[in-house]
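Biologist: I would welcome a close look at the aromatic rings in this structure, at how well they are covered, and at the strands that belong to the same account. Please explain the reasoning step by step, as you would to a first-year student.

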Amino acid sequence: QTDDSGFTIAGRGSSTAFLLKTDKYGSQQWRKDYIRPGMPTTFQTIQITSDKGYICAGQTYNPQREYILKSDSLGNKQWDTIYAGFRAEDIIQAKSGSYYVVNGNIFRKLNSNGGITWEIDTNVAALDILQHPNGYLYALQGNLLSKYDSSGNFYWQKDYYDSFPHS
C-alpha cells in the first residue's frame, strides 16, 4: 500500500514485467511495462523504497535469470539488472539504502545502483528476508530460519520443522 492509500501491483503481462498503481478505490492511475528485448520478464516481489520509488525483483525467461528493476514513484525505470541465478524470491531495502535479495541459495547485497556488494551461498533456498531494527538480517525457507549481519556473516540457523503441522 502506498502513502496515498492506493496500491501498487507488480507482476507479469503477456511477456513483460509490469507495475500498476491504483488509487485507494482500486482505480488504475498508471501502468508501466518493462521490456527486455528477447527476454520475457516477470516480477515476484515489490517493495516501496525510501525515495517513494519501487524495487521489484523476479526473473527473465530464455534464459532464466534473476531480474531486478528500480523505478521512481511514477514507475519510470531508473535502472534494471540481470544477475546469475534462477529467480529473485524477495528483496528489501535496508536503512542504509542498499538492497538485500534472496535467490534460491544465493543471498546478495546490492548497492543503491544495483551493483553487487557481496554474495554468499547459503546452501538453503530462502524465500523471504527481513531486516530487524537492530540491523540483523533473517532469511526464511519453510521452517528454516537463518540470521546474518549486514556484511553477510552467518550467525545461526534454526530448523522449526517439528514445531509446525506438516500440512
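Modeller: A residue is called buried when its relative accessible area is under 20%, exposed when the value is over 50%, and partly exposed in between. Please keep in mind that this is a predicted model. Phe-107 has a relative accessibility of 1%, which is under 20%, so Phe-107 counts as buried. Tyr-100 also has a relative accessible area of 1% and is buried.

These two residues lead to the ring pairs. The structure holds 11 aromatic pairs. One of them joins Tyr-100 to Phe-107, with 6.2 Å from centre to centre and an angle of 40° between the ring planes. Planes under 30 degrees apart would be stacked and planes over 60 degrees apart edge-to-face, so an angle of 40° makes this pair tilted. Tyr-100 and Phe-107 also belong to a cluster, in which ring pairs link them with Trp-118, Tyr-148 and Phe-154.

A further pair is formed by Tyr-138 and Trp-156. Their ring centres lie 6.1 Å apart and their planes meet at 50°, so this pair is tilted. It links distant parts of the chain, since Tyr-138 is in strand β12 (residues 137–141) and Trp-156 is in strand β14 (residues 154–159), with the two positions 18 residues apart in numbering. What is the burial state of each partner, buried or partly exposed? Tyr-138 has a relative accessibility of 16% and therefore counts as buried, whereas Trp-156, at 27%, counts as partly exposed. Trp-156 has a charged residue over its ring as well: Lys-158 lies over the face, at 5.8 Å from the ring centre.

Strand β12, which carries Tyr-138, has a partner in strand β11 (residues 128–131). The two run antiparallel and are joined by 4 bridges. Asp-128 stands opposite Leu-140 in β12. The two strands make a hairpin with 5 residues between them, and Gly-135 in the turn has a positive phi of about 100°.

Next comes an open sheet of 3 strands. Its order is β8-β9-β10, and the pairing is antiparallel. Strands β8 (90–93) and β10 (116–126) stand at the edges with a single partner strand each, so one side of each has no neighbour in the sheet. From one strand to the next the twist averages 25°. Strand β9 (residues 99–110) is joined to β10 by 6 bridges, and Leu-110 has Ile-116 in β10 as its bridge partner. As a general point, strands of a sheet pair through backbone hydrogen bonds, either parallel or antiparallel.

Another charged residue is placed over a ring. Arg-31 lies over the face of Phe-18, at 4.2 Å from the ring centre. Arg-31 belongs to strand β3 (residues 28–34). With a relative accessibility of 37%, which falls between 20% and 50%, Arg-31 counts as partly exposed. Its side chain makes a polar contact of 2.9 Å with the side chain of Asp-33. Once neighbours within four places in sequence are set aside, Arg-31 is in contact with Gly-13, Phe-18, Leu-19 and Leu-20.

Two of those contacts, Leu-19 and Leu-20, are also touched by Thr-8, whose further contacts include Ile-46 and Tyr-54. Thr-8 is found in strand β1 (residues 7–12) and, at 16% relative accessibility, counts as buried. A polar contact of 2.9 Å joins the side chain of Thr-8 to that of the aromatic residue Tyr-54.

The last strand to examine is β5 (residues 54–60). In β5, 7 of the 7 residues are buried, so the strand is largely enclosed by the rest of the structure. Strand β4 (residues 41–48) runs antiparallel to β5 and is joined to it by 7 bridges, and strand β6 (residues 65–71) pairs with β5 in the antiparallel sense, also over 7 bridges. Ile-55 shows both partnerships: Gln-47 stands opposite Ile-55 in β5, and the bridge partner of Ile-55 in β6 is Lys-70. The hairpin of β4 and β5 has 5 residues between the strands, with Lys-52 in the turn at a positive phi of about 70°. The hairpin of β5 and β6 has 4 residues between the strands, and Asn-62 in the turn has a positive phi of about 60°.

Definitions and conventions
Residues are numbered from 1 along each chain as its sequence is written. This is a predicted model: local features need pLDDT of at least 70, side-chain atom pairs count only at pLDDT 80 or more; totals for chains, interfaces and linings use all residues. Side-chain values use heavy atoms; hydrogens and water are left out. Rings of Phe, Tyr and Trp (its six-membered ring) pair if their centres lie within 6.5 Å; planes under 30 degrees apart count as stacked, over 60 as edge-to-face and the rest as tilted. Buried means under 20% relative accessible area, exposed over 50%, partly exposed in between (1.4 Å probe, protein chains only). A charge sits over a ring if NZ of Lys or CZ of Arg is within 6 Å of the ring centre and within 35 degrees of the ring normal. Two strands pair if DSSP finds at least two bridges between them. Axes are lines fitted to C-alpha atoms, for helices over the stretch in contact, and angles run from 0 to 180 degrees between N-to-C directions. Contact means heavy atoms within 4.5 Å. A polar contact is a pair of N or O atoms within 3.5 Å; within protein, one must be able to donate a hydrogen and the other to accept it, and residues adjacent in sequence count only if both atoms are side-chain atoms.
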